[in-house]
Amino acid sequence: MKKTGPLSALAAIASIGAVLFTAGAADAAPAKWANHNHAAAQFRKAGVTWSSSGGCSNWNRGTCTSFTNINKATVSGAIAFTRATGCRVNITGGTEVGHAAGTYSHRNGYKVDMALTTCLNTYITGTFRYAGKRGDGARTYKSPAGNVYAREGSHWDVTYYNARP
C-alpha cells in the first residue's frame with residue numbers, strides 16, 4: 001500500500017473542492033426579480049416603458065407583459081442598452097406565456113421584446129455585428145457583450161446573457 005503524507009491529502013482535498021466549487025458556480029441559476037412590480041420599478045426609474053395588448057402584467061396571460069421571474073441581468077441589460085442608445089425603449093414582451101420555449105427563453109427570464117422604432121433599428125444595425133438569420137428568418141445582431149437582438153415583425157426580440165448592452 002502506498003503511503004501518502006498530510007500534504008498529499010490536503011492537495012487531494014483542495015482539488016476535489018475546486019472541482020465542486022467550479023461545478024456549482026457554473027450551474028448556479030441566474031438572480032431573478034421574483035415579483036413583477038420590483039422589476040418594473042427598476043425599469044420605471046431608468047425611463048424604460050412597457051405596454052401590453054391586455055393592459056396587464058399577469059405572467060399566465062399571453063396578452064399581458066410580465067416581468068415576474070425575469071433575470072436581474074436582463075433588466076440591467078435592457079436599462080444599460082437604453083442608456084447607451086439614447087432611444088426611447090418600450091418593452092412589449094417579458095416572461096408571460098405565449099413565447100417559444102427553451103433555456104434562453106422569455107419564460108426563463110432571458111428575453112424581452114422591444115417595440116420597433118427608427119432609433120432602435122439604426123442603433124442595433126449600425127452598432128452591433130450582423131450574426132445571420134435564425135431558423136424563423138429573423139435577422140440577428142450580436143452586441144460585443146454577447147447579447148442577441150433579433151428583428152421580428154413588429155419588435156426586437158432581445159436575449160440578454162449578461163447585464164451589459
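In which sense do S4 and S5 pair, and over how many bridges? In this predicted model, S4 and S5 pair in the antiparallel sense, and two bridges connect them.

## Strand pairing

The pairing of S4 with S5 can be followed at the level of single residues, since Ile91 stands opposite Met114 in S5. Strand S4, which covers residues 90-93, is also joined by two bridges to strand S2, made up of residues 49-50, and here the two strands run parallel. In this parallel pairing, Thr49 has Asn90 of S4 opposite.

## A residue in helix H3

Helix H3 spans residues 72-85, and Ile79 is found in this helix. Ile79 counts as buried because its relative accessibility is 10%, and the limit for the buried class is under 20%.

Leaving aside residues up to four places away in sequence, Ile79 touches Gln42, Phe43, Ala46 and Val48. For one of these partners, Val48, a distance can also be given: the C-alpha atoms of Ile79 and Val48 are separated by 7.1 Å, while the two residues are 31 residues apart along the chain.

## The largest pocket

The largest pocket has a volume of about 180 Å³, and 14 residues line this pocket, with His99, Ala100, His106, Lys111 and Asp157 lying nearest its centre. Sorted by class, the lining consists of three nonpolar, six polar and five charged residues.

Two strands contribute to this lining, as strand S5 (111-115) and strand S9 (155-159) each supply at least two of its residues. Strand S5 is thus a link between two parts of this report, for S5 also pairs with S4.

Key: Residues numbered from 1 in each chain as written. Predicted model: local features only at pLDDT ≥ 70, side-chain atom pairs only at ≥ 80, totals over all residues. Heavy atoms only, no water. 1 Å grid on protein atoms, 1.4 Å probe; cavity = no way out; pocket = protein on both sides within 12 Å on 5 of 7 lines; lining within 4 Å. Points joined across faces, edges and corners; volume = space filled by probe spheres on them. Helix = DSSP H or I, 4+ residues; strand = E, 2+ residues; numbered from the N terminus. Nonpolar A, V, L, I, M, F, W, Y, C, P; charged D, E, K, R; others polar. Pairing = 2+ DSSP bridges. Buried < 20%, exposed > 50% of the residue type's maximum accessible area, 1.4 Å probe, protein only. Contact = heavy atoms within 4.5 Å.
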